[in-house]
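I wanted a quick pass through this fold before doing anything else with it. My notes follow, in the order I looked things up.

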Amino acid sequence: MTAFGKLIRTTAFRLTLVYLLLFALFAASLLGYFAWNTRRLITEQITTTVNAEIGEISDIYARRGLRGLVFTIENRALRPGANLYLVTTPTGQAVAGNVGSLSPGVMATQGWSETAYRRLDEQDSRHHRALVSVTELTSGFRLLIGRDLEERRRLFGIVVKAANWSLLVVVVLGLGGGVFVARRVLRRIDAMTGTTQRIMAGDLTGRLPVGRSGDELDRLAENLNAMLERIEALMTGLKEVSDNIAHDLKTPLTRLRNRAEEALAKSGSEADYRSALERTIEESDGLIRTFNALLMIARAESGQARGNMDDFDAADVARGIQELYEPLAEDNDMTLRVKTAPAPVHGNRELISQALANLVENAIKYGKPLPSIQPLDGGAVDGSHEIWIDARRDGASVLISVADHGPGIPEADRSHAVERFVRLEASRTQPGSGLGLSLASAVATLHGGELSLGDGNPGLTATLTIPARTGASDRLAAQTPDVPQKVA
């Protein structure tokens, strides 16, 4: 397609043509109304002048008779100007005046009419147009008084000529402006098309150009660039997940295969085979848990879980997790406590519960103080160590936090700790897949919040910040206030 073909096919050029047509029609209508109104005003002036002169001459005829009428008409016919006068007998013969010829039947009809005429003093036979009024006098005589319409024709011609030039200027300027706008828009669209072609070719780092005007194309480019950044981040995350899966799941799968192969290679008793199968099932359960966590993270990051959102109190979730994990905490010589206040949220209860459960499991695994760290006052009961679950509302947000008194996570490693399959050096001796904090972060992002890791002095405080449900605090005000509690 040629450059001109692309130009005239652009939406900007077509819109310009539409606006040009509408403006031209409006201008033509306005000029037409002006011309018509001008014509009407001139006609009204002519009729007013002629009526006044008819009344004056009729009065002269009534006072001075036919001789006075003829004398007056002859005098006035000699005056320079565009006025027309004619007096005829009842048989139609001209008596006085400056009109040489008229259209047939004009003098036979009384009242106003527009007619062609020729003056007596003109040498050529060219006819003009005039607006005349015919009045019948006493004794059958007829009086014609009129005015030439050349002035009206010239003024109307000036208006028409101005309208033609105006429309021509409008068309030229409109087409020029349309070409300019269309070329400018086309250049920007072509630049965007080139960028999108590079992106489709695999270069996800490409971004649409953004100008300085801040118009709708700039806003569109900014939004598309934000979308491209999000896509690039997701694709990078997908690549990292693929690499991590290949790296982190290769070892358990290899171990699983080696154990099955060892059980087949060695002839043993039924108990040996049973033990090998149990270890195989245990390894398989661990792999299933890992894949389930990955699926849950994928659901949260893609936004698929938004369809299962409901209104609930995060304090109920916190108390339920405390009851569920209290026996596990006691088995690890720890005490799990909960502190709640009304915390209304609108979200996916299952995912928020799973995120909080992951934080509690991490606290139970890694929350024991190091031997060199002395417990805080009130931080230990009968030789055990405390983990606190706190759910409360803070302004427009709901905070769900888990605090322990363990070694914590160094500040430099906290942003790295929420990535998939990341296990810091201190946690490599504990079982796990490195997906707990990743899932909690994805759940917080799904709900428009965030996961933050803070210093517990000592220990780690992991906090889920989620927007509170608006208008629900009054309905929950009657619940138990902020009182620490422990379920035995």
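**Helix α7**

I started with a length check: helix α7 has 18 residues (314-331), and at 1.5 Å a residue it should span 26 Å; the end C-alpha atoms are 26 Å apart, so the two agree. I should jot down that this is a predicted model.

Next I looked for a kink. I found a bend of about 45° at Y325 in α7, and a proline, P327, follows within four residues.

Then the two ends. At the N-terminal end of α7, D313 acts as the cap: one of its side-chain oxygens sits 3.1 Å from the backbone nitrogen of A315. Just after α7, I noted that D333 has a positive phi of about 60°.

Which residues of α7 are buried? My list reads A314, A315, V317, A318, I321, Q322, Y325, E326 and A329. So the bend residue Y325 is on the buried list, and so is A315, whose backbone nitrogen D313 caps.

**The nonpolar core**

I pulled up the largest nonpolar core, which has 42 residues. L356, V360 and I389 touch the most other members. For the elements behind this core, I wrote down α7, β8 (334-340), α8 (349-366), β11 (384-394), β12 (397-403), α10 (436-446), β13 (450-455) and β14 (460-467), each supplying at least two residues. The largest share comes from α8, with nine residues.

**L437**

I picked L437, which is in helix α10, for a closer look. Is L437 buried or exposed? Its relative accessibility is 12%, and since buried means under 20%, L437 counts as buried. I also checked its C-alpha against that of N362: the two residues are 75 apart along the chain, yet those atoms are separated by 8.6 Å.

**The six-stranded sheet**

Last stop, an open sheet. I traced six strands in the order β2-β1-β6-β5-β4-β3, with antiparallel pairing. The edges are β2 (94-97) and β3 (99-102), each of which pairs on one side only. From one strand to the next, I get an average twist of 35°.

Inside this sheet I zoomed in on β5 (residues 128-136) and β6 (residues 142-148). How many bridges join strand β5 to strand β6? I count seven, and the two strands run antiparallel. As for who faces whom, E136 stands opposite R142 in β6.

Key. Residues numbered from 1 in each chain as written. Predicted model: local features only at pLDDT ≥ 70, side-chain atom pairs only at ≥ 80, totals over all residues. Heavy atoms only, no water. Pairing = 2+ DSSP bridges. Axes fitted to C-alpha atoms, helices over the stretch in contact; angles between N-to-C directions. Expected span 1.5 Å × (residues − 1). Bend = angle between axes of the 7 residues up to and from the residue. Buried < 20%, exposed > 50% of the residue type's maximum accessible area, 1.4 Å probe, protein only. Polar contact = N/O pair within 3.5 Å; in protein donor to acceptor, adjacent residues only side chain to side chain. Core = buried A, V, L, I, M, F, W, Y, C linked by side-chain atoms within 4.5 Å.
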